[in-house]
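Notebook open, coffee poured. I'm going through this one piece by piece and jotting down what I look up.

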Amino acid sequence: MKKFGLGAILAAGIAAFSVGGASAADLSTPAYKAAPVVEAPLSPWQIRVRGLYVMPENGGSVNGILGSDLTYSDAVVPELDITYYFTKNIAAELILGVTPHDINGAGTISSLGQVGKVWLLPPTLTLQYHFTDFGPFKPYIGAGVNYTVFFSQDATNPAFASVDVHDTWGLALQAGFDWMIDRHWGINVDVKKLFLEPTFTLQTVGGSYLTGGADLNPWIFGTGITYRF
């Protein structure tokens, strides 16, 4: 009986140890998996700060002067643009900046030299398509309209009392890309072509007026920083 009783006690102890070990193993195993982290969606708003090189095409004429031509100085200026994304592919961009330019006589009026100086405010609105299948490389193309305001206009040639370049509408084409460093910050490279051909009026010191057209049609090369909110 003593042997039987001792054997029963040992068997019961082994069974209890087995059950306890299984329970400890079960407790050490997680009962659930952590949910994956989901990033918040990006804001539809984006801004860029760029440096621009503005290169007008040389061309134009003074009415009634055969062989007359015009040339214009280039400019390097800062620029701000604001973009709103309607979808991940479709966006609208508003470009804001001002540029100074000299107006020079050329062709048969080259002896005039510098005719005047003028500042341009050319806000441009483009509708863009953004390609999204290239990882951090985000190319885009765009087209839109431009309205250019000419201000701070000065006649610098003593033959003229004033120069007045008239405000005008134009078309714009655009291509560029962002290289995104992370979800919010990126490097931008952008090229635009504006079709801009304003008319102008020159008043001579004698009180007579000359009219003509300026074929500016500038190329605008830009690079800068992108921030997506």
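**Strands first**

I started with β12, which pairs with strand β15 (residues 219-228) in the antiparallel sense, over 9 bridges. One register point I noted: lysine 193 stands opposite tryptophan 219 in β15. I should say here that I'm working from a predicted model.

Next I checked β11 against β12. Strand β11 covers residues 168-180 and strand β12 covers residues 185-195, and the two pair in the antiparallel sense over 10 bridges. The link from β11 to β12 is a hairpin through 4 residues. For register, I wrote down that glutamine 174 has lysine 192 in β12 as its bridge partner.

**The open sheet**

Then I traced a sheet of 4 strands. It is open, runs in the order β2-β14-β13-β10, and its pairing is antiparallel. The edges are β2 (60-62) and β10 (160-165), each of which pairs on one side only. On average, neighbouring strands of this sheet are turned by 15 degrees against each other, direction ignored.

I took a closer look at one edge. β10 pairs with strand β13 (residues 199-204) over 5 bridges, in the antiparallel sense. Serine 162 is opposite glutamine 203 in β13.

**Glutamate 93**

I wanted to know: is glutamate 93 buried or exposed? It is buried, because its relative accessible area is 0%, under the 20% cut-off. It is found in strand β5 (residues 90-96).

What does its side chain touch? I found a polar contact with the side chain of arginine 48 at 2.5 Å. Another polar contact, of 3.3 Å, joins the side chains of glutamate 93 and glutamine 128. Leaving aside neighbours within four places in sequence, I listed the contacts of glutamate 93: Arg48, Arg50, Asp81, Ile82, Thr83, Thr124, Leu125, Thr126, Gln128, Gln174 and Lys192. I recognised Gln174 and Lys192 in that list; they are the bridge partners I noted for β11 and β12.

**Asparagine 217**

I moved on to the loop between β14 (209-214) and β15, where asparagine 217 lies. At 7% relative accessibility, asparagine 217 counts as buried.

Its side chain has two partners that I wrote down. A polar atom of the asparagine 217 side chain lies 2.8 Å from the backbone nitrogen of leucine 196. The same side chain makes a polar contact of 3.1 Å with the side chain of glutamate 197. Beyond four places in sequence, asparagine 217 is in contact with Glu57, Lys193, Leu194, Phe195, Leu196 and Glu197.

**Rings and charges**

How many aromatic pairs does the structure hold? I get 11. For tyrosine 227 and phenylalanine 229, the ring centres are 5.0 Å apart and the planes are at 85 degrees, so I logged the pair as edge-to-face. Tyrosine 227 is partly exposed, with a relative accessible area of 22%, and phenylalanine 229 is also partly exposed, at 41%.

I also found a cluster: ring pairs link Phe134, Phe137, Phe177 and Trp179.

Last, I looked for charges over rings. Arginine 228 lies over the face of tyrosine 85, 4.0 Å from the ring centre. The charged end of lysine 193 sits over the ring of phenylalanine 195, at 6.0 Å from its centre. Both lysine 193 and phenylalanine 195 had already turned up among the contacts of asparagine 217.

Notes
Residues numbered from 1 in each chain as written. Predicted model: local features only at pLDDT ≥ 70, side-chain atom pairs only at ≥ 80, totals over all residues. Heavy atoms only, no water. Buried < 20%, exposed > 50% of the residue type's maximum accessible area, 1.4 Å probe, protein only. Polar contact = N/O pair within 3.5 Å; in protein donor to acceptor, adjacent residues only side chain to side chain. Contact = heavy atoms within 4.5 Å. Phe/Tyr/Trp six-rings, centres within 6.5 Å; stacked < 30°, edge-to-face > 60°. Lys NZ or Arg CZ within 6 Å of the ring centre and 35° of its normal. Pairing = 2+ DSSP bridges. Axes fitted to C-alpha atoms, helices over the stretch in contact; angles between N-to-C directions.
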